[in-house]
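Let's take a walk through one protein model, a stop at a time. Keep the structure open beside you as you read.

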Amino acid sequence: MAPMTVEEMKRAAQHLAAARLGGPMTPLPPPELTPSTLEEGYRIQQYLNEIFIAEGFGEIVGHKIGCTTPVMQEYLNISQPSAGAVYANNVHQERATVSLSAHHNLGVEVEIAARLGQDLPGGAGPYDRDSVAFAVKSLAGAIELVDERYQNRSEFNVATLIADDFFNVGVILGAPQENWRELDLVNLAGRMRAGDQVVGQGRGGDILGHPLNALAWFANHRVNLGRPLKAGEFVMLGSVVKTTHFTEPITVRGELDGLSTAEVTFVE
């Protein structure tokens, strides 16, 4: 298949953006608007970012990484990490109230979020979990809000999901913890509580063996894109639980032992 043109990429971004701008669930794009490589997916994502910034979503202040844990790779049948953008107006601190009817099929994931205190520009060889640790100012327990906004999602290839920010519609960040180096991040336990019921649980080591392995992967990825990570940005490192979708009003809590908690209340 021939590489996509810039015009086709822009049209693909418009096709994907419609569902988040009040439109119906996203139909499978036609072949000419379907990226065939991950590189094309990330290039379309940049055009999508421009659309949402222009529509008032705010600047990109953070990032999400999906499919960094076995439970999520199995759930989505996707074997490699995949990243998307998080916009300023979709970020909440500690708790949020979110309308179910304003979305298509809302789900919750429980994650560790890393806030950067220094840039990660690359240039000294690929990052690993030890060489990215110096740049992490704080960690927090967090919730990622995802929306399965696709008609027949299983028919969408990975590159197209990447182009659409890989399901993201927002995050709730728990209070930042700057003493995170004292924690055993591999064995740190996390869980999702819906009402009074625990509906999912995992541990930090489920995230690529160590949460900072995910950050290292993403830092290298951004260097390769020519857009290195900057101080002040945050990165959602991946869910320690399988996504749970909600269709009725309820309060959902993400708990990371030793880190902070985050909470979302779904209303009609």
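## A loop with an odd residue

Start at Leu208, which sits in the loop between β9 (197–203) and α6 (211–225). Bear in mind that what you're looking at is a predicted model. Is Leu208 buried or exposed, or something in between? Its relative accessibility is 31%, so Leu208 counts as partly exposed, because that label covers the range between under 20% (buried) and over 50% (exposed).

Now check the backbone there. Leu208 isn't a glycine, yet its phi is positive, near 50°.

## Another positive phi, and a buried neighbour in the loop

Next, hop over to the loop between β6 and α5, where you'll find Asn152. Asn152 is another non-glycine residue with a positive phi, about 55° in this case. Its relative accessibility is 52%, so Asn152 counts as exposed. To get a feel for distance, find Ser79: its C-alpha atom is 20 Å from that of Asn152, and the two residues are 73 apart along the chain.

The loop between β6 (136–147) and α5 (158–163) also holds Glu148. At 17% relative accessibility, Glu148 falls under the 20% cut-off and therefore counts as buried. What does Glu148 touch, once you leave aside neighbours within four places in sequence? Its contacts are Met25, Tyr75, His104, Asn105, Arg153, Phe167 and His245.

## A buried phenylalanine

Phe246 lies in the loop between β11 (244–245) and β12 (250–256). With 10% relative accessibility, Phe246 counts as buried, because it comes in under 20%.

Who's around it? Ignoring residues up to four places away in sequence, Phe246 touches Leu100, Leu106, Val108, Met192, Ala194, Val252 and Phe266. Ile44, by contrast, is not on that list: from C-alpha to C-alpha, Phe246 and Ile44 are 29 Å apart, with their positions 202 residues apart in sequence.

## A strand with two faces

Here's a pattern worth knowing: in a regular strand, side chains alternate between the two faces of the sheet. You can follow this along strand β4 (residues 95–99). Ala96 and Val98 point to one face and are buried, while Arg95, Thr97 and Ser99 point to the other face and are not buried.

Which way does β4 run relative to strand β13 (residues 261–267), parallel or antiparallel? The two strands run parallel, and five bridges join them. Pick out Arg95 again: its bridge partner in β13 is Glu263.

## Two helices crossing

Last stop: helix α1 (residues 6–17) and helix α2 (residues 38–54). Their axes are 8 Å apart, and the helices pack at an angle of about 60°. That's why α1 and α2 are described as oblique to each other. The crossing of α1 past α2 is right-handed.

Which residues make the contact? From α1 come Val6, Met9, Lys10, Ala12, Ala13, Gln14, Leu16 and Ala17. From α2 come Glu40, Arg43, Ile44, Tyr47, Leu48, Ile51 and Phe52. Sorted by class, this contact has 11 nonpolar residues, three charged ones and one polar one. You've met Ile44 already, as the α2 residue that lies 29 Å from Phe246.

Definitions and conventions: Residues are numbered from 1 along each chain as its sequence is written. This is a predicted model: local features need pLDDT of at least 70, side-chain atom pairs count only at pLDDT 80 or more; totals for chains, interfaces and linings use all residues. Side-chain values use heavy atoms; hydrogens and water are left out. Axes are lines fitted to C-alpha atoms, for helices over the stretch in contact, and angles run from 0 to 180 degrees between N-to-C directions. Helices (H or I, at least four residues) and strands (E, at least two) are DSSP runs, numbered from the N terminus. Angles under 35 degrees count as roughly parallel, over 145 as roughly antiparallel, 65 to 115 as roughly perpendicular and the rest as oblique. A crossing is left-handed if the near helix is turned anticlockwise from the far one by less than a right angle, and right-handed if clockwise. Contact means heavy atoms within 4.5 Å. Ala, Val, Leu, Ile, Met, Phe, Trp, Tyr, Cys and Pro count as nonpolar, Asp, Glu, Lys and Arg as charged, and the others, Gly among them, as polar. Buried means under 20% relative accessible area, exposed over 50%, partly exposed in between (1.4 Å probe, protein chains only). Two strands pair if DSSP finds at least two bridges between them.
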